[in-house]
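Visitor: Could you walk me through some helix packing and strand pairing in the protein on my screen?

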Amino acid sequence: MTLSLRATYRIQFHKDYTLYDAILLVPYLKKLGISHIYASPLLASASGSLHGYDTTSWDFIDRERGGEEGLLALVATLRTHDMGLILDIVPNHMTTNPQNAWWQDVLQYGRQSHYAHYFDIDWSVSTERETHKVILPFLEKPLEEILEDQKIRVSYQEDTRSFVITYEDKIFPLAPESLSHAQKGCFAEFFNPETLEGKSNLLALLQKQHYQLVWWQTAGDLINWRRFFDVTALIALRMERPDVFARTHAYVFDLYRRGLIDGLRIDHVDGLLQPARYCQELKQALNALTHERPENLRNEPFIFVEKILSTGELLPEEWCVSGTTGYDFLEQASLLQHHPAGEEKLSALWAQLGPHPYEKVVRVARDEKLNSSFYKMFQDLIVSLAEFFSPEQDITPHAVACVLKEILLAFPVYRVYFSGTGLSEQSRSYLCVACERAKKKLPAHAMPLLMTLQKLLSQTSSQSSERKDFQNMFVHLTAPLVAKSGEDTAFYRYARLLSRNEVGTDPALFSKNREAFHQANLARLTSHPQSLLCTATHDHKRGEDGRARLMVLSEPEANWAEVVAVWYAKNKFLRDVGNADASVSKADKFFFYQTLISAWPLDARELSDLPERLELYLTKALRERGIRTSWADPEMSYEDNCQNFVRQLLQTSFVKDLTAFVDRISPAAALNSLTQVILRSTVPGVPDLYQGREGWDFSLVDPDNRRSVDYSTLMKNLEDKDNLATLASSWRDGRIKQQLICKLLKLRKDYPELFINPRYHAVSVQGVLSDNIVAFQCFSEDMKMLVIVARFGLSLSLDETLRSQQSGWKTTQLFLTEGEKSGKWKSILWGHSFRNSSIFDLNNFYESVPMDVLIASR
C-alpha cells in the first residue's frame with residue numbers, strides 16, 4: 001500500500017507547540033481528511049524561535065520542538081493513521097545568531113575557516129573598509145560612541161573556555177592570534193573600557209579581528225555578505241557548491257531514507273543561485289534513497305517550492321518538482337471573485353486619497369530600496385558591469401547606473417534563470433520586457449548602452465576570478481528588491497482594495513474572467529497536477545476570510561465609496577494627540593477602515609483582544625510602509641495619532657456603524673469563503689490548509705496569523721452530526737466551513753481518480769445569473785464530477801441562512817460536456833439527486849445555498 005497525497009495541513013511548530021503536541025491532533029486531522037502534515041522548519045534554530053527559519057544547525061531536529069524523539073513519536077502515530085509528513089527546509093540562509101557554530105567559526109578564523117565558503121561573503125578588498133573582513137552592522141550607534149558608552153567588553157566564557165567580545169546580548173569570538181598570553185592573564189584590567197588605556201587596547205583588539213563591527217544604519221552601504229532580503233539576522237548560504245549541498249542535506253536525506261519524512265517544501269527557492277540545478281539534484285538524491293525506505297513508503301518524493309509566480313509566469317518544468325506552495329492559486333481564485341464592475345469606481349476613489357497607480361507606487365518603493373537596503377549590492381553590480389567597457393568607449397559607472405536602475409525599476413518578475421549558454425527562453429522574454437519599459441524612461445543617447453547591458457545580462461559569464469560574476473549579482477539583487485519593494489512596502493502604501501494586496505498577488509490587477517481561471521486550472525493540470533493550492537499561509541497579509549469579506553467591496557451593491565464617505569464625515573471630529581502636524585491622512589484612514597472590516601470578528605466575544613492585535617498590526621503596517629514613519633526612523637508622534645484614531649473608533653458609536661456594515665456584507669463574504677474552499681478542494685492540484693483555518697480566519701499579518709489554535713473546539717465541532725443545510729443556518733460559528741472541507745476531502749479519498757490527472761472541462765453558463773456562476777467538470781474513466789460555485793453574493797439576495805432569494809435562478813442553465821446517460825447526479829453537499837442531462841437547470845438554487853458538487857457514473 002502506498003501513501004497518496006490528498007491534502008496537506010500546515011502546522012507552525014515552536015517551543016509552545018511541539019511535535020508531541022501534534023500527536024494528539026493526528027486523529028482529528030485524519031477524520032478531517034488530511035493525508036499529510038506539512039511541518040514548518042524543524043531543524044535546529046535560534047532559541048525561542050517561533051518560526052524556525054533561523055537555522056542554527058542542519059544536523060538535528062530542534063530540541064525545543066521535541067527533537068528527533070518527538071519526530072519519531074509523531075511519525076509513528078501518523079503511520080498508524082496512514083498519514084505522512086512533508087518538511088519545510090531553508091536552503092537559502094542560516095541565522096547569524098551565536099548559536100550557529102559555522103558562522104561563529106567564520107568570524108573567528110576568517111577566510112581560513114572551514115566554513116568560509118559555505119556563506120555568500122565577498123572577501124575582496126573594500127575601498128571603504130579594511131580588507132578581507134566580514135562587516136557586521138550590529139551596533140546601535142557608531143563604534144566610537146559604543147566604546148564611549150562602554151558597551152563592548154572582553155569576557156571569558158566558562159562553557160567554551162574561550163575569550164569573546166560581548167555587546168549587549170551579542171557574542172563575537174576572538175581570532176586566536178589576536179590575544180596574547182599576557183593579555184589573557186589580566187584581560188579585565190587590560191581591556192577595561194572605563195579607562196583611556198583600556199579603551200585604546202580594546203579598539204586595537206577589535207582591529208585585529210576577521211570582522212568589523214559597524215553601525216546598523218550603514219548595513220545597506222557597507223555589508224559584504226548576502227542576507228535574506230535585508231534581514232541582517234540571516235546570512236545566505238552558497239548552496240550551489242556541491243560540498244555545501246551535501247553537508248547541509250545529509251541529515252535531511254537520512255530522515256527521508258528512514259521514512260520519517262515523505263517530501264520537502266523548499267523555502268524561498270528564488271534566493272538560490274541555481275534553483276533548477278538545486279531542485280534537480282534534490283530530486284535525484286531523494287530518488288536514489290527511495291529503495292532504502294520502508295517498503296510501503298516508496299512513493300515518488302514530493303518537492304514543493306515557495307515560488308512567487310508573476311502574471312503569466314510559468315514554473316519551469318526542468319526543475320522537476322511537484323509544484324509550488326500555492327500562491328499562484330490564491331491569486332487566480334482572488335481575481336475570479338473580485339467584481340470587475342467595481343474597478344473604475346474604486347480606482348477613482350483611491351486616486352483622490354493616496355499614491356496611484358500601483359505601478360508608480362512600486363517603482364518609487366524600488367527606487368528607495370536601491371538607495372537604502374540594497375545600495376551596496378547595486379553599487380557592486382554597477383562596478384562589475386562597468387569593467388566590461390574599455391576606456392575608449394567612454395562608458396562611465398554613472399551611465400551604467402542610470403541605465404541599470406531603469407531595468408531594475410521595470411523588472412516584471414522576481415528573477416531570471418540561466419541555462420547552459422544564457423537565459424532561458426521565458427527569462428529572456430522578461431528581460432526584454434524590462435528593457436522595453438526602460439527605453440521609455442531613458443534618453444536617446446543611452447539606447448546603445450541599454451542594448452549592450454541587455455546582451456551582457458542574457459549571456460552566461462566566462463568570468464573565473466574570485467569576484468562574483470555580474471549575472472549572479474543581478475539575480476541575487478532582483479529577487480529581494482522585487483519582494484521588499486512590493487509585498488513589504490508598496491502593499492502597505494497602495495490601498496485601493498486590500499483584498500488584492502496579498503503575497504503572490506499583483507495589486508495592479510483587479511479581476512479576471514472565468515475563462516482565465518479555467519485556463520489556469522488546465523495549465524496546472526498539464527504541467528504540475530500535484531501543485532499545492534493555498535488560500536492562507538503563515539506569511540499572509542490578512543486571513544483568507546478577511547480577504548473574502550473585503551472582496552465584497554468590489555461589488556456595486558456594496559456602495560463602498562458612499563459608505564466610507566459617510567464614515568469620513570462622521571469621524572472627522574476625532575482628535576489627534578500631540579503634534580498637530582502629524583494628523584492622520586485620509587489615505588491612512590481608508591487603510592484602517594478596510595483593516596477593521598477584514599478583522600472584525602463574527603463572534604462578539606472575540607472583540608476583547610482586537611484592540612491589542614490592531615495596535616501591533618498598525619505599528620508594523622505603518623513602519624513597513626515607510627512614508628511617515630519606518631523601522632529605521634520611527635516617528636512616534638504620527639504613530640501615536642494613528643493608534644489614537646483607531647482606539648477612538650472603537651470607543652464611539654462608529655462601532656455600531658461598522659458592525660452594521662459588516663453584518664450586511666457578511667453573508668456574501670461567507671459565500672466567497674465557501675467558494676474558495678470548494679475551488680481549493682476540487683480544481684487540479686492538492687489542497688493545503690493552514691492551521692486552524694478550517695474555522696473562520698480574520699487574522700492579520702504575522703505574528704497575528706501565527707497565534708495558537710483552539711483545537712479543542714475544532715475537534716468538538718467535527719464530532720457534530722448536523723448536515724450542511726442545518727449548519728447554513730448557523731454559519732457564523734464556522735462549523736459549515738469545517739464540515740464542507742471534511743465532505744470534500746472525503747470525496748477526494750473516495751474517488752481519487754477524479755483528482756489524479758482527470759480531464760477538465762469548463763462548463764458554459766447561460767441565463768440571468770450566468771455571471772454569478774463558475775462551473776466545471778472533471779472526468780475519470782468511470783466517474784464524472786460537476787462543480788458549481790457562486791460569486792458576487794450581494795446581487796444574489798442572500799438571507800441570514802446563506803440562501804438566495806434571487807428568482808433569476810429559474811432561467812439560468814449549465815450546458816454540460818456529457819449528459820443524457822443512465823444514472824443520476826448525486827449532490828455531495830446536500831444529498832439531492834438530479835437527472836443526468838446535457839442541460840442542468842439551476843432552479844434548485846432558488847431559496848437554497850447557491851453551490852454544489854455532484855458526482856455521477858459515466
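What follows is a short set of questions and answers about this predicted model.

Visitor: Which orientation do helix 26 and helix 29 have to one another?
Guide: Happy to start there! Helix 26 (residues 654-682) packs with helix 29 (residues 735-750) at an angle of about 15°, and their axes are 10 Å apart. Angles under 35 degrees count as roughly parallel, so helix 26 is roughly parallel to helix 29.

Visitor: How many nonpolar residues does the contact of helix 26 with helix 29 have?
Guide: Let's look at who takes part. Helix 26 brings residues including Leu 674, Val 677 and Ile 678, while helix 29 brings, among others, Ile 736, Leu 740 and Leu 744. Arg 680 of helix 26 and Lys 737 of helix 29 are also in the contact. By class, there are three charged residues, two polar ones and, to your question, nonpolar residues numbering seven.

Visitor: Which strands are the edge strands of the open sheet with the order 4-11-10?
Guide: This sheet has three strands with antiparallel pairing. Strand 10 is joined to strand 11 (residues 231-236) by two bridges, and Phe 228 has Val 231 as its bridge partner. An edge strand here pairs on one side only, which fits strand 4 (93-95) and strand 10 (227-228).

Visitor: Is strand 5 mostly covered or exposed, and which residue stands opposite Ile 135 in strand 9?
Guide: Strand 5 (residues 134-139) is mostly covered, with six of its six residues buried. Strand 5 pairs with strand 9 (residues 211-215) in the parallel sense, over four bridges. Opposite Ile 135, in strand 9, stands Gln 212.

Note on methods. Residues are numbered from 1 along each chain as its sequence is written. This is a predicted model: local features need pLDDT of at least 70, side-chain atom pairs count only at pLDDT 80 or more; totals for chains, interfaces and linings use all residues. Side-chain values use heavy atoms; hydrogens and water are left out. Axes are lines fitted to C-alpha atoms, for helices over the stretch in contact, and angles run from 0 to 180 degrees between N-to-C directions. Angles under 35 degrees count as roughly parallel, over 145 as roughly antiparallel, 65 to 115 as roughly perpendicular and the rest as oblique. Contact means heavy atoms within 4.5 Å. Ala, Val, Leu, Ile, Met, Phe, Trp, Tyr, Cys and Pro count as nonpolar, Asp, Glu, Lys and Arg as charged, and the others, Gly among them, as polar. Two strands pair if DSSP finds at least two bridges between them. Buried means under 20% relative accessible area, exposed over 50%, partly exposed in between (1.4 Å probe, protein chains only).
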